[in-house]
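Grab the coordinates and a pencil, and let's work through some exercises together. Each task comes with its solution, step by step.

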Amino acid sequence: MSSRFAFLSEAGMDRSSLIKGLQLVQKKEGFISDEAISAVAGHFAMSEAEVEGVVSFYAQFKRNKPGKYQLSVCDGTACHIKGSSLIQEWISMELGIRPGETDTDALFSLETVACLGCCSLAPVMSINGKVFGKLDRKGTIKILKDYRKNG
Ligand code: FES
């Protein structure tokens, strides 16, 4: 195993610690790369297909390198009623990505999440944890353009 993944020893060698090992990888690298799948498989003496299966089963694991800005559109009840699916569609059209994807410049990653805890501002999204509320089409696109301008 390459020394890049030496930290896997923190999880021990037992297969029951597979999830813990994957969580360590994601914490250190931000996502689970092909190299990580192969290193984890080697570490726990499993096949890559088995590891891949577990990774795809749990939504907490990301297979794609995250963009610089993590864009989370709230789809909790309050936001849903106030049109969060439209917000997500507008963002998808503007950036050319669907939830779970990262744009080609690796600038934005898009996901939908459950309640962000500020329902009175619905519909809401957050970018790297900063919350933007009472979104409409114009406001949403402007926020994206501002982030893009600042790189
Ligand atoms: S439902 Fe969106 S912030 Fe609560």
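**Exercise 1.** Work out how many bridges join β1 to β3, and which way the two run.

*Solution.* Start with the count: β1 and strand β3 (residues 125-127) are joined by three bridges and run antiparallel. Strands here are DSSP runs of E with at least two residues, helices are runs of H or I with at least four, and both are numbered from the N terminus. Two strands pair if DSSP finds at least two bridges between them. Next, pick a residue: S72 has S126 as its bridge partner in β3.

Before going on, note that this is a predicted model, where local features need pLDDT of at least 70, side-chain atom pairs count only at pLDDT 80 or more, and totals for chains, interfaces and linings use all residues. Residues are numbered from 1 along each chain as its sequence is written.

**Exercise 2.** Find what sits on β1 through its pairing with β2, and decide whether β1 is enclosed or open.

*Solution.* Step one: six bridges link β1 to strand β2 (residues 108-113), and this pair runs parallel. Step two: Q70 has S109 as its bridge partner in β2. Step three: β1 (residues 69-74) is largely enclosed by the rest of the structure, because five of its six residues are buried. Buried means 20 or more other C-beta atoms within 10 Å of the residue's own, exposed means 12 or fewer, and partly exposed is in between, with C-beta atoms placed from the backbone.

**Exercise 3.** Describe how α5 packs on α6: which angle, which hand, which residues?

*Solution.* First the geometry: the axes of α5 (residues 84-95) and α6 (residues 137-150) come within 10 Å and cross at roughly 40°. Axes are lines fitted to C-alpha atoms, for helices over the stretch in contact, and angles run from 0 to 180 degrees between N-to-C directions. The two helices are therefore oblique to each other; the classes are roughly parallel under 35 degrees, roughly antiparallel over 145, roughly perpendicular from 65 to 115, and oblique for the rest. Then the hand: α5 passes α6 in a right-handed crossing, meaning the near helix is turned clockwise from the far one by less than a right angle, whereas anticlockwise would be left-handed. Last, the residues: I87, W90, I91, E94 and L95 of α5 meet R137, T140, I141 and L144 of α6. Contact means C-beta atoms, placed from the backbone, within 7 Å.

**Exercise 4.** Repeat the job for α2 and α3: where do the axes cross, and which residues touch?

*Solution.* The axes of α2 (residues 34-43) and α3 (residues 48-57) come within 8 Å and cross at roughly 115°. The crossing of α2 past α3 is right-handed. I37, S38, V40 and A41 of α2 make the contact with E48, V51, E52 and V55 of α3.

**Exercise 5.** Hunt for backbone oddities in the loops.

*Solution.* Keep the baseline in mind: most residues other than glycine have a negative phi, and most peptide bonds are trans. Now check A106, whose phi is near 55°; A106 lies in the loop between α5 and β2 and counts as partly exposed with 13 C-beta neighbours inside 10 Å. K134 has a positive phi of about 45°; K134 sits in the loop between β4 (130-132) and α6 and is exposed, with 11 other C-beta atoms within 10 Å. Finally, the A122 to P123 peptide bond is cis, with omega near 0°, and P123 is in the loop between β2 and β3.

Note on methods
Contact = placed C-beta atoms within 7 Å.
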